[in-house]
Amino acid sequence: MKTGKKQLSAEASEELLRTLKSRFEKNMNRHKGADWEKVQAKLEANPEKLWSLDEMEITGGEPDVIDFDKDTNEFLFCDCSAETPKDRRSFCYDHEALEARKANKPENSAVNSATEMGVELLTEAQYQQLQQLGNFDTKTSSWLKTPAEIRKLGGAIFGDRRFGRVFIYHNGADSYYAARGFRATLKV
């Protein structure tokens with residue numbers, strides 16, 4: 001159960017922490033040397049981050065730790081579902097693109113949805129890093145944080161894995177497809 005202010009109830013927090021711990025322990029190759037107790041302590045100290053991770057979880061993202069930044073002392077969680085999260089598909093790139101559509105508007109945009117969830121879209125570098133940990137998006141694709149110079153020209157970038165390699169490509173930011181969604185990251 002969620003409370004009104006982007007915070008989970010104690011019961012929901014415990015359930016999510018159990019899920020995250022189980023996934024963490026089953027996928028140690030994603031975070032070699034990381035210690036779950038340290039991750040859990042940071043999560044318990046930041047209930048709003050736990051709320052955002054729950055949003056990632058309930059939309060099908062299967063978040064897990066994929067990196068640790070020694071400079072900022074932060075763990076990086078990322079959606080590790082095999083395909084882009086199913087409850088975050090069929091979105092155009094951002095609010096500007098959503099507003100520009102005259103007909104057949106999608107339900108939301110990737111950037112709006114990420115903001116509502118308190119998370120970020122993956123950068124191209126983070127997407128490449130994720131793809132080093134397994135084969136992701138072999139049937140789907142994921143919008144990526146798009147450089148301003150590309151977005152200014154009406155485009156946005158996305159990534160997928162086909163034919164045994166990772167591709168980063170472009171589309172009009174207002175386009176949307178049933179197989180394209182977005183993956184999220186969260187620093188804790």
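This is a short walk through one protein model, domain by domain. The model is predicted, so please keep that in mind throughout.

Let's start with the layout. The protein is divided into two parts: domain 1 covers 10-79 and domain 2 covers 86-187. Their C-alpha centres lie 22 Å apart. How many residues are in contact across the two domains? On the domain 1 side there are 19, and they touch 18 residues of domain 2.

Now the sheet that starts in domain 1. It is open, it has 4 strands, and the order is β1-β2-β8-β3. The pairing is antiparallel. Which strands stand at the edges? They are β1 and β3, the latter at 120-121. Each has a single partner strand, so one side of each is left without a neighbour in the sheet.

Look at β1 and β2 first. Strand β1 is residues 63-69, strand β2 is residues 74-79, and 6 bridges join them. They run antiparallel. One pair to find on screen: F68 has F75 of β2 as its bridge partner. The two strands form a hairpin, with 4 residues between them. In the turn, N73 has a positive phi of about 60°.

Next, the other side of β2. Here β2 meets strand β8, residues 184-187, through 3 bridges, again antiparallel. L76 stands opposite K187 in β8. Helix α1 packs on this sheet and touches β1 and β2. Its direction makes about 70° with that of β1. Helix α2 also lies across β1 and β2, and runs at about 90° to β2.

A quick word on α1 itself. This helix is residues 10-26, and E15 is in it. Is E15 buried, partly exposed or exposed? It counts as partly exposed, because its relative accessibility is 49%. For a sense of span, take E15 and G172. They are 157 residues apart along the chain, and their C-alpha atoms are separated by 40 Å.

On to the helix pair. Two packed helices are described by the angle between their axes and the distance between the axes. Here the pair is α2, residues 36-45, and α3, residues 47-58. The angle is about 105°, and the axes are 5 Å apart. That makes α2 roughly perpendicular to α3. From α2, the contact uses L43, E44 and A45; from α3, it uses P47, L50 and L53. By class, that contact has 5 nonpolar residues, no polar ones and 1 charged.

Now domain 2 and the second sheet. This one is also open, with 4 strands in the order β6-β5-β4-β7. The pairing is mixed. At the edges stand β6, 165-172, and β7, 180-182. Each of these has a single partner strand, so one side of each is left without a neighbour in the sheet. From one strand to the next, the twist averages 35°.

Inside this sheet, look at β4 and β5. Strand β4 is residues 141-144, strand β5 is residues 155-162, and they pair in the antiparallel sense over 3 bridges. L144 stands opposite I157 in β5. What lies across β4, β5 and β6? Helix α6, residues 124-131, does. It runs at about 150° to β6.

Then there is helix α5, residues 110-117. Its buried residues are A110, N112, S113, A114 and M117. What covers them? The cover includes α3, α4 at 95-100, β3, β4 and β7. Just after α5 comes G118, with a positive phi of about 80°.

Last, two loop residues for the backbone-minded. Take D137 in the loop between α6 and β4. D137 has a positive phi of about 60°, although it is not a glycine. Buried or exposed? D137 counts as buried, because its relative accessibility is 0%.

The other is F163, in the loop between β5 and β6. Phi of F163 is near 55°, a positive value in a residue other than glycine. F163 is exposed, with a relative accessible area of 81%. So the two loop residues each take a positive phi, yet D137 is buried and F163 is exposed.

That's the tour. Happy to take questions.

How values were computed:
Residues are numbered from 1 along each chain as its sequence is written. This is a predicted model: local features need pLDDT of at least 70, side-chain atom pairs count only at pLDDT 80 or more; totals for chains, interfaces and linings use all residues. Side-chain values use heavy atoms; hydrogens and water are left out. Two strands pair if DSSP finds at least two bridges between them. Buried means under 20% relative accessible area, exposed over 50%, partly exposed in between (1.4 Å probe, protein chains only). Axes are lines fitted to C-alpha atoms, for helices over the stretch in contact, and angles run from 0 to 180 degrees between N-to-C directions. Angles under 35 degrees count as roughly parallel, over 145 as roughly antiparallel, 65 to 115 as roughly perpendicular and the rest as oblique. Contact means heavy atoms within 4.5 Å. Ala, Val, Leu, Ile, Met, Phe, Trp, Tyr, Cys and Pro count as nonpolar, Asp, Glu, Lys and Arg as charged, and the others, Gly among them, as polar. Domain bounds come from an automatic or database domain assignment.
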